[in-house]
Amino acid sequence: MIFHFSLFTFHSAQAQELKIYQNRALEHNPSIQALRSSVGIAEEKINETNTLPDTEFGLGYFVSEPETRTGAQKLRLSVRQMIPWFGTIQSRRDYAGSMVNVEEINLEIARRKLNLEVSQVYFQLYELQEKKEVLQQNIDLLEVYRTMALNSVEVGKASAVEVLRLKMRQNELIEKMKNLQLQIESLETQFSNLLNSEEKLEIKVQDTLVIPFEESIDRNLALHPELQRYDRFSESILRSEELNQLESSPKFGVGLDYVSVQKRQDMMMPDNGKDIIMPMVSFSVPIFNKKFKSVTRQNDLKLEQIDSERTSTLNDLESRLQTTLNERTSARISFETQLENLSQARDAEDLLLKQYETGTIDFDDVLDIQEIQLKIQMNLVEAVSTWFTKDAMVQYLTVNN
């Protein structure tokens with residue numbers, strides 16, 4: 001039986017294959033596409049802010065015509081345009097731009113989480129496929145032992161019961177293989193959904209994952225998007241408050257009134273029937289400005305809330321990072337321990353084979369050592385899978401990608 005892991009060799013193929021799947025997920029995953037649309041909507045809102053209030057047009061017709069010295073007034077036309085305080089439009093653009101930053105960081109968080117989820121499912125698939133291979137190796141090994149038992153039965157050194165027990169053990173492992181295959185199919189469906197693949201996807205999982213020589217220990221959480229999101233929220237609130245202060249300032253408007261005057265027929269005089277043109281200037285002053293004061297108070301409270309939530313999130317990230325680092329180290333320790341145990345189990349297997357040559361083999365011991373080796377091999381696979389899964393979490397928490 002050949003079953004081994006290489007601890008000190010590095011293969012880049014695994015990282016490359018995984019990265020291909022991650023890039024495909026980022027390109028096609030509907031959640032990511034939805035967030036990209038949110039960024040586009042936020043960017044378009046910048047153009048929305050670059051406008052003035054609606055221009056007002058008015059038309060009035062005098063049913064009862066007022067008489068003036070130069071004639072009767074027939075109709076009135078007016079046009080007015082309100083203009084916000086100086087800098088208000090730019091402030092609106094700045095606020096809209098800060099909301100774009102918020103949407104962009106939400107997209108980045110989603111991208112990182114999707115990469116993490118793809119990695120986790122990928123390593124689960126690796127674990128199940130490796131376990132399936134281990135089971136097949138053990139089934140083949142039991143077949144070798146069963147042949148040895150049949151030979152011993154022929155010469156009267158073993159009983160048919162021992163042959164039956166070996167066959168029953170094979171059947172148990174075959175059953176486990178079939179159950180593993182069902183789990184693999186479920187995970188492949190989940191993996192394809194992450195990539196939003198409509199057709200059946202042929203998933204290639206690296207057949208040998210190798211724990212690298214050194215473990216990266218990076219505790220820099222300052223650039224983590226989950227923290228940067230709060231910073232960008234704070235920035236948007238500051239921009240909102242600047243806009244609130246400007247909108248509480250007076251607004252002014254310009255306009256023009258035109259009055260059509262009918263010429264008098266009963267007398268001749270200067271400016272008889274001359275139309276009236278009257279430029280207008282107006283001011284809008286928010287005298288009762290409790291609304292703006294309330295918005296300022298709300299913004300202050302929001303800043304306090306964000307600061308508290310950021311501190312809480314930082315504490316949570318630090319705890320998750322420390323726990324994940326410990327679990328990753330624990331997986332390495334487990335791997336090294338199981339590797340040593342496997343060496344001991346193989347030595348015991350060699351002794352059994354030598355006993356068979358002398359005709360004194362005990363097939364109860366054969367089943368025992370096979371079961372021990374299977375458990376060790378499964379533990380090895382789980383240790384490798386756990387290490388890479390935890391390493392993916394470390395990358396999510398620390399790497400600025």
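Biologist: In this predicted model, which residue forms a salt bridge with Arg310, the closest N and O atoms being 3.0 Å apart?

Modeller: A salt bridge requires a side-chain nitrogen of Lys or Arg within 4 Å of a carboxyl oxygen of Asp or Glu. For Arg310, the closest N and O atoms of the pair are 3.0 Å apart. The pair links distant parts of the chain, with Arg310 in helix 6 and its partner in helix 5, 79 residues apart. The partner of Arg310 is Asp231.

Biologist: Is Asp231 buried or partly exposed?

Modeller: Buried residues have under 20% relative accessible area, and exposed ones over 50%. Asp231 has 36% relative accessibility, so this residue counts as partly exposed.

Biologist: What span should helix 5 have at 1.5 Å a residue?

Modeller: Helix 5 covers residues 225-247, which is 23 residues. The end C-alpha atoms of helix 5 are 32 Å apart, in agreement with the expected span. At 1.5 Å a residue, that expected span is 33 Å.

Biologist: Which residue forms a salt bridge with Asp391?

Modeller: The closest N and O atoms of this pair are 2.6 Å apart. The two residues lie in distant parts of the chain, Asp391 in helix 7 and its partner in helix 6, 63 residues apart. Both Asp391 and its partner are buried. The partner of Asp391 is Arg328.

Biologist: How many residues apart in helix 6 are Asp316 and Arg320?

Modeller: Asp316 and Arg320 form a salt bridge, their closest N and O atoms being 3.6 Å apart. About one helical turn separates the two, because their spacing in helix 6 is four residues.

Methods. Residues are numbered from 1 along each chain as its sequence is written. This is a predicted model: local features need pLDDT of at least 70, side-chain atom pairs count only at pLDDT 80 or more; totals for chains, interfaces and linings use all residues. Side-chain values use heavy atoms; hydrogens and water are left out. The expected span of a helix is 1.5 Å times one less than its number of residues. Buried means under 20% relative accessible area, exposed over 50%, partly exposed in between (1.4 Å probe, protein chains only).
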